[in-house]
Amino acid sequence: MTESFHRSGENENPYEGQQQAPVNPEWPPPPAYPPAPAPKKRNRGTVALLTAVAIVAAAIGGGTAYGIQELTGNDTVASSSTSTNVVPSSQKGTVAGVAKAVSPSIVEISADSNAGSATGSGVIITSDGEIITNNHVVSGASQIKVTTSDGKSYSAKVVGTDSKKDLALIKLENASGMKAATLGDSSGVQVGDQVVAIGSPEGLSGTVTSGIISALDRDVTVPTEEDQGQQQFQQGDGWPFEFGGRQFNGDTGSDTTTYKALQTDASLNPGNSGGALIDMNGNIIGINSAMYSPAGAASSSSDAGSVGLGFAIPINTVKADLAKLRAGATD
């Protein structure tokens with residue numbers, strides 16, 4: 001049983017009404033007792049959103065950066081294994097910004113063989129000089145020279161090849177501190193996405209072109225035999241060659257392979273092979289590998305060159321092949 005210690009008629013608050021309370025000049029003034037503040041309402045929508053992000057992040061692992069970027073506007077972009085600010089915020093979404101950020105990762109490749117010489121492009125993927133390019137650029141090469149965007153030259157050796165996917169991995173000799181490109185995710189590419197291509201068409205290193213993704217999953221057929229790349233410039237008969245009513249990115253050997261490619265209207269010309277197709281965040285989404293040239297283009301200068309039908313190997317295909325290439329495959 002709870003007892004009350006208040007006498008009848010006494011104030012409930014002993015400090016209320018200072019004339020009735022005992023006064024001592026040494027006592028401090030009575031407290032004001034302000035009203036307690038109302039409890040703050042929690043923004044349930046925000047909490048729910050952040051919780052969802054945390055759950056998704058735990059579930060998808062490598063895709064965490066992409067999810068946070070989309071929800072919070074962060075400039076961090078996703079790559080194969082890291083999150084990097086590829087293009088500065090002030091230039092994000094511009095061709096100039098992409099070119100400035102990615103050009104140091106694109107190289108020119110000159111390959112010599114008994115059949116002649118070929119010029120192509122490549123993409124640096126590690127700081128010690130691993131470079132992805134097309135198999136047809138270096139196939140059968142006895143000597144490979146690589147020139148970086150700052151004009152430095154290196155010798156390179158073939159590490160592994162995959163002719164069925166028209167991919168090759170080469171490695172610079174005595175190289176360090178190279179700027180590696182950020183490998184993106186080609187599964188998210190959509191028709192109409194803006195893209196940038198960087199390579200060395202006709203030996204013009206560091207050339208930048210732009211366009212859009214025109215189509216997905218295009219079947220592209222290219223030859224797989226050695227020396228295919230070396231003859232494409234030496235013969236001077238246009239590029240690619242026509243064989244059996246089809247167009248090829250290289251010599252018309254008897255063995256061919258077909259792969260699914262990204263189609264783009266970004267201008268590609270001889271020498272772009274092995275270079276980068278890049279999204280507007282600066283991520284590599286494809287390796288440029290082939291272009292369509294009208295039959296008889298070699299006989300008419302007005303028909304020569306790019307007609308806006310270029311093709312790139314999706315970067316997810318490249319990433320899936322890297323372990324095999326690093327192990328020294330020679331398929």
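## A hairpin to begin with

Let us start at one pair of residues: L277 has G286 in β15 as its bridge partner. The model is a predicted one, and this pair is a good place to enter it. L277 belongs to strand β14, which covers residues 276–279. Strand β15 covers residues 284–291, and the two strands run antiparallel, joined by 3 bridges. Together β14 and β15 make a hairpin, with 4 residues between the strands. In that turn sits G282, whose phi is positive at about 90 degrees.

β14 also has a partner in β9, the strand of residues 194–199. Here the pairing is antiparallel too, with 4 bridges. If you would like a residue to look for, find I198, which stands opposite A276 of β14.

## Strands with little exposure

Are the residues on the two faces of β14 buried or exposed? A276 and I278 lie on one side, L277 and D279 on the other, and all of them are buried. Both faces of this strand are therefore covered, since buried means under 20% relative accessible area.

What about the neighbouring strand of the hairpin? In β15, 8 of the 8 residues are buried, so the strand is largely enclosed by the rest of the structure. β15 also pairs with β16, again in the antiparallel sense, through 5 bridges. Within that pairing, N288 has A312 of β16 as its bridge partner.

## Helix α6 and its two sides

Next comes helix α6, made of the 12 residues 315–326. From its first C-alpha to its last it reaches 16 Å, close to the 16 Å expected at 1.5 Å a residue. Which residues of α6 are buried? They are I315, V318, D321, L322 and L325. These residues cover an arc of only 145 degrees around the axis, which puts them on the same side of α6. A general rule helps here: an α-helix has 3.6 residues a turn, so residues three or four places apart point the same way.

On the other side of α6, A320 and A323 are exposed. The buried residues pack against several strands: β5 (130–133), β7 (153–162), β8 (167–172), β15 and β16 (310–314). Just after the helix, G328 takes a positive phi of about 90 degrees.

## Small spaces inside

Rolling a probe the size of a water molecule over the atoms shows where empty space is left. In this model the count comes to 3 cavities of 30 Å³ or more. The largest cavity has a volume of about 40 Å³.

Which residues line the largest cavity? They are V123, I125, I132, L183, I284, I287, I315, V318 and L322. The elements that give two or more residues to this lining are β15 and α6. Of the elements, α6 gives the most, with 3 residues. The helix thus appears again, and V318 is one of the lining residues as well as one of the buried residues of α6.

## A loop residue and its contacts

Now look at D265, found in the loop between β13 (256–264) and β14. Its relative accessible area is 34%, so D265 is partly exposed. Where does this residue meet other parts of the chain? Leaving aside neighbours within four places in sequence, D265 is in contact with G211, I212, S214 and G308. D265 and S210 are 55 residues apart in sequence, yet their C-alpha atoms are 7.9 Å apart in space.

## Two residues with a positive phi

Most residues other than glycine have a negative phi. Two residues are worth a look with that in mind. E202 is not a glycine, yet its phi is positive, at about 55 degrees. E202 lies in the loop between β9 and β10 (207–223), and at 54% relative accessibility it counts as exposed.

D217 is the other residue to find. Although D217 is not a glycine, it has a positive phi of about 55 degrees. D217 lies in strand β10, and its relative accessibility of 55% makes it exposed.

Technical notes. Residues are numbered from 1 along each chain as its sequence is written. This is a predicted model: local features need pLDDT of at least 70, side-chain atom pairs count only at pLDDT 80 or more; totals for chains, interfaces and linings use all residues. Side-chain values use heavy atoms; hydrogens and water are left out. Buried means under 20% relative accessible area, exposed over 50%, partly exposed in between (1.4 Å probe, protein chains only). Two strands pair if DSSP finds at least two bridges between them. The expected span of a helix is 1.5 Å times one less than its number of residues. The arc is that of the directions from the helix axis to the C-beta atoms. Contact means heavy atoms within 4.5 Å. On a 1 Å grid over the protein atoms alone, a cavity is a set of points where a 1.4 Å probe fits but cannot get out, and a pocket is an open set with protein on both sides within 12 Å along at least five of seven lines; lining residues have an atom within 4 Å of a point. Grid points are joined across faces, edges and corners, and a volume is the space filled by probe spheres set on the points.
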